[in-house]
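Student: I would like to go through this model label by label and ask, for each term, what justifies its use. Could we set the values against the criteria as we go?

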Amino acid sequence: MIDKSTLTANANAEPSSVPWWAAFPEPKANCHSLEAADVKQLIESHASLGANGDRGFLLVDVRRTDWEGGTVTTSINLPAHTLYQTRPVVYQLCKQAGIKTIIFYCGSSNGRGPRCAGWMQDYLNEVGEASMTAAILKGGIKGWQRVYGGQMMDAYDKKFWQQEPSS
C-alpha cells in the first residue's frame, strides 16, 4: 500500500535541477558545422532535381516545447530528448533513403543541436558507418531566420520573429 505522506512529500518536492541530457552519455564526436548558405544551397539543389531526385541530406529540428516561429523547409521534428534512444531507427531509415549527411539544429545550435549531432555521429562511428555523417546548422533556426527571414521556412510566423529580442 502507498503511504499518503510519501505521495504528499513527492508532490511538494522541488523539481529536479538535473538537466534532461544528464540521463545520457556525453557525446564524444565533434561534428562539423554548416553555414545557413550551405544548407540553403543543398535545399535548392534538391528542389531543382524534382520530386524523384536523390536527396543526400536530412534536416532534423530537435526543438520541442520551443518549436515556434517555423522551421527550415523539408525538416523533420525529432525532439532532442527522444533522439538518443532512437538513433538505431534514425540510422536505418537514413541508410535506406541514401542519406549521407544528417543536419541537426535547435534554436541557436549551442546546446541540443550539437549534442544530438554528436550522439548521432557517435552511433555512426560505433556501427562503423563511414559513408554517413552528422552535422550542425550553425546558428540554428535563429541564425537561419536572421539571414533569410521567412525564406525557405515552413509554418513561418512573422509575428513571432518580430517579438524576438535581437541578440
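Student: How do you know that Ala-155 is exposed?

Tutor: The model is a predicted one, and in it Ala-155 has a relative accessible area of 53%; because exposed means over 50%, Ala-155 is called exposed. Its place is in the loop between β7 (153-154) and α6 (158-163), and its phi is positive, about 55 degrees, although Ala-155 is not a glycine.

Student: Why is Thr-74 called partly exposed?

Tutor: The relative accessibility of Thr-74 is 30%, and since the class in between covers what is neither under 20% nor over 50%, Thr-74 counts as partly exposed. This residue is found in the loop between β3 and β4, and Thr-74, too, takes a positive phi, of about 75 degrees, without being a glycine.

Student: Ser-75 is in the loop between β3 (71-72) and β4 (76-77); why does it count as buried?

Tutor: Ser-75 has a relative accessibility of 16%, and because buried means under 20%, Ser-75 counts as buried. Leaving aside neighbours within four places in sequence, Ser-75 is in contact with Leu-59, Asp-61 and Tyr-105.

Student: What makes the pair of Ser-75 and Tyr-105 a polar contact?

Tutor: The side chains of Ser-75 and Tyr-105 are joined at 2.8 Å, and the cut-off for a pair of N or O atoms is within 3.5 Å, so the pair is a polar contact.

Student: Why does Ile-103 count as buried?

Tutor: Ile-103, which is found in strand β5, has 0% relative accessibility, and as the limit for buried is under 20%, Ile-103 counts as buried. Beyond its neighbours within four places in sequence, Ile-103 is in contact with a set of residues that includes Leu-34, Val-39, Phe-57, Val-60 and Ile-136. One of these partners, Phe-57, is 46 residues from Ile-103 in sequence, while their C-alpha atoms are 7.2 Å apart in space.

Student: What makes β5 and β6 a pair of strands?

Tutor: Four bridges join β5 to β6, and since two strands pair if there are at least two bridges between them, β5 and β6 are paired, running parallel. Phe-104 stands opposite Ile-136 in β6. The chain crosses from β5 through α4 to β6, and this β-α-β crossover is right-handed.

Student: How many bridges support the pairing of β1 with β6?

Tutor: Strand β1 (residues 32-34) and β6 pair over three bridges, in the parallel sense, so the requirement of at least two is met here as well. Ser-33 stands opposite Ile-136 in β6, and the bridge partner of Leu-34 in β6 is Leu-137. As for burial, β6 is mostly covered, with four of its five residues buried.

Student: What is the order of the strands in the open sheet, and what makes β1 and β4 its edge strands?

Tutor: The five strands of the open sheet follow the order β1-β6-β5-β2-β4, with parallel pairing. The strands β1 and β4 are the edges, each pairing on one side only. Helix α2 (residues 36-48) lies across β1, β2 (57-61), β5 and β6, and runs at about 125 degrees to β2.

Student: How do you know that the span of helix α4 agrees with what is expected?

Tutor: Helix α4 (residues 112-126) has 15 residues, which at 1.5 Å a residue should span 21 Å; because the expected span is 1.5 Å times one less than the number of residues, this value can be set against the distance between the end C-alpha atoms of α4, which is 21 Å, and the two agree. Just after α4, Gly-128 takes a positive phi of about 75 degrees.

Student: What makes α4 mostly covered, and which elements do its buried residues pack against?

Tutor: Eleven of the 15 residues of α4 are buried, and the helix is thus described as mostly covered. Among the buried residues are Gly-113, Arg-115, Trp-119, Asp-122 and Leu-124. The buried residues of α4 pack against α3 (80-97), β5 (101-105) and β6 (133-137).

Definitions and conventions: Residues numbered from 1 in each chain as written. Predicted model: local features only at pLDDT ≥ 70, side-chain atom pairs only at ≥ 80, totals over all residues. Heavy atoms only, no water. Buried < 20%, exposed > 50% of the residue type's maximum accessible area, 1.4 Å probe, protein only. Contact = heavy atoms within 4.5 Å. Right-handed = clockwise from strand over helix to strand, strands pointing away. Polar contact = N/O pair within 3.5 Å; in protein donor to acceptor, adjacent residues only side chain to side chain. Axes fitted to C-alpha atoms, helices over the stretch in contact; angles between N-to-C directions.
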